[in-house]
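Student: I'd like to go through this protein with you, one question at a time. Can we start once the sequence and structure are up?

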Amino acid sequence: MRRLTAICAAAAGVAMLATGCGSSDSGDRTVTVTGTGKVQGTPDVLNADLGTEVSATDVSAAVDQANAKAKAITDAMVTAGAKREDIKTSDLSVQPAYGPEGRTITGYRATNTMHVAVRDLPKASGILSAAVQAGGNDTRISSVAFGLEDNTKLLADARARAFEDAKSRAQQYADLSGLKLKKVKTISENGSGPTPTPMHKDALPSGAAPTINLEPGQQTVTFTVTAAWDMD
């Protein structure tokens, strides 16, 4: 009776397993590999976090001014084409401001931050420009990022590419072993969403509406599949 020698190999996320002792005719042989698929698509939404930051000598004045500026920014974005239901408050804060010695309170700083999702991308630049003009020197844009809301088709394509990559790897290992690839035993997946394209802005000046240039670029969707095949 010949004895089988178990061989374990791990390289670049690929594992080949031979199991079973006794007759080679009855031993089970499997190959387990991991495949990756990547596809790119054009973003269909812009997400921005922006708002206002004002300073005043007392809390009430600071809050009132921040609220007024936030409302002006919101109204301006809606007028420029944003949907009001796509604008939501994300943060409110009031903090004391101290003098040079760090002990005496000299005033208060209030912030009112909102998140806006722009799905009509040709209007995105105008919407942000309108927000900056409405908020003036008190405008703050903390982040801008393009993304994919509907990535169903891209995920399906990435999944298919990942499986084909895994199958190709498994076939190569079967060929190297002098065996034939048979049916799939197990499949597990680990998809990942699109990689966002972030941009960051600082406080912007008041006056005429500035021109804000936006480049959506491409979003990458990655999918990983681990599968095991019988070999004979």
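Tutor: Let's begin with a term: a salt bridge here is a side-chain nitrogen of Lys or Arg within 4 Å of a carboxyl oxygen of Asp or Glu. Keep in mind that this is a predicted model.

Student: Okay, which residue forms a salt bridge with Asp 165?

Tutor: The cut-off is 4 Å between a side-chain nitrogen and a carboxyl oxygen, and here the closest N and O atoms are 3.2 Å apart. Both residues sit in helix 3, four residues apart, which is about one turn of the helix. The partner of Asp 165 is Arg 169.

Student: Are Asp 165 and Arg 169 buried, partly exposed or exposed?

Tutor: Buried means under 20% relative accessible area and exposed means over 50%. Asp 165 comes in at 23%, and Arg 169 at 28%. Both values fall in between, so Asp 165 and Arg 169 count as partly exposed.

Student: Where do Asp 232 and Lys 182 lie, and how many residues apart in sequence are the parts they tie together?

Tutor: Asp 232 and Lys 182 form a salt bridge, with the closest N and O atoms 3.9 Å apart. Asp 232 is exposed at 51% relative accessible area, while Lys 182 is partly exposed at 46%. Asp 232 lies in the segment after strand 10 and Lys 182 in strand 8 (residues 181-194), so the parts tied together are 50 residues apart.

Student: Which residues are joined into one network by salt bridges that share partners?

Tutor: The structure holds 13 salt bridges. Some of them share partners, and that links their residues into one network. Its members are Glu 53, Arg 109 and Arg 140.

Student: And the Glu 149 salt bridge: which side chain does Glu 149 meet?

Tutor: The N to O distance in this pair is 2.7 Å. Glu 149 is in the loop between strand 7 and helix 3, and its partner is in the loop between strand 6 and helix 2, 30 residues apart. Glu 149 is partly exposed at 47%, and the partner is also partly exposed, at 42%. That partner is Arg 119.

Student: Let's zoom out. What pattern does the protein follow along the sequence?

Tutor: There are three helices and ten strands to place. Reading along the sequence, the pattern is β-β-β-β-α-β-β-α-β-α-β-β-β.

Student: How many bridges join strand 4 to strand 6?

Tutor: Strand 4 covers residues 45-56, and strand 6 covers residues 105-118. The two run antiparallel, and one of their bridges pairs Ala 56 with Tyr 108. The number of bridges joining them is eleven.

Student: In strand 7, which residue is the bridge partner of Ala 48?

Tutor: Strand 4 also pairs with strand 7 (residues 139-147), in the antiparallel sense over eight bridges. Ala 48 takes part in this pairing, and its partner in strand 7 is Val 144.

Student: Which element gives the most residues to the largest nonpolar core?

Tutor: This core has 21 residues, and Leu 46, Leu 50, Met 77, Val 116 and Leu 214 touch the most other members. Strand 4, helix 1, strand 6, helix 2 and strand 7 each supply at least two of its residues. The top contributor, with five residues, is helix 2.

Student: How many residues are in the second, separate core?

Tutor: Its members include Ala 170, Ala 227, Trp 229 and Met 231. Trp 229 is buried, with a relative accessible area of 2%. The residue count of this second core is ten.

Student: Is the pair of Phe 163 and Trp 229 stacked, edge-to-face or tilted?

Tutor: This is the one aromatic pair in the structure, with the ring centres 5.7 Å apart and 40° between the planes. Phe 163 lies in helix 3 (residues 152-177) and Trp 229 in strand 10 (residues 219-231), so the pair ties together parts 66 residues apart in sequence. Planes under 30 degrees apart count as stacked and over 60 as edge-to-face. At 40° the pair is tilted.

Methods:
Residues are numbered from 1 along each chain as its sequence is written. This is a predicted model: local features need pLDDT of at least 70, side-chain atom pairs count only at pLDDT 80 or more; totals for chains, interfaces and linings use all residues. Side-chain values use heavy atoms; hydrogens and water are left out. Two strands pair if DSSP finds at least two bridges between them. A nonpolar core is a set of buried Ala, Val, Leu, Ile, Met, Phe, Trp, Tyr and Cys residues joined through side-chain atoms within 4.5 Å. Buried means under 20% relative accessible area, exposed over 50%, partly exposed in between (1.4 Å probe, protein chains only). Rings of Phe, Tyr and Trp (its six-membered ring) pair if their centres lie within 6.5 Å; planes under 30 degrees apart count as stacked, over 60 as edge-to-face and the rest as tilted.
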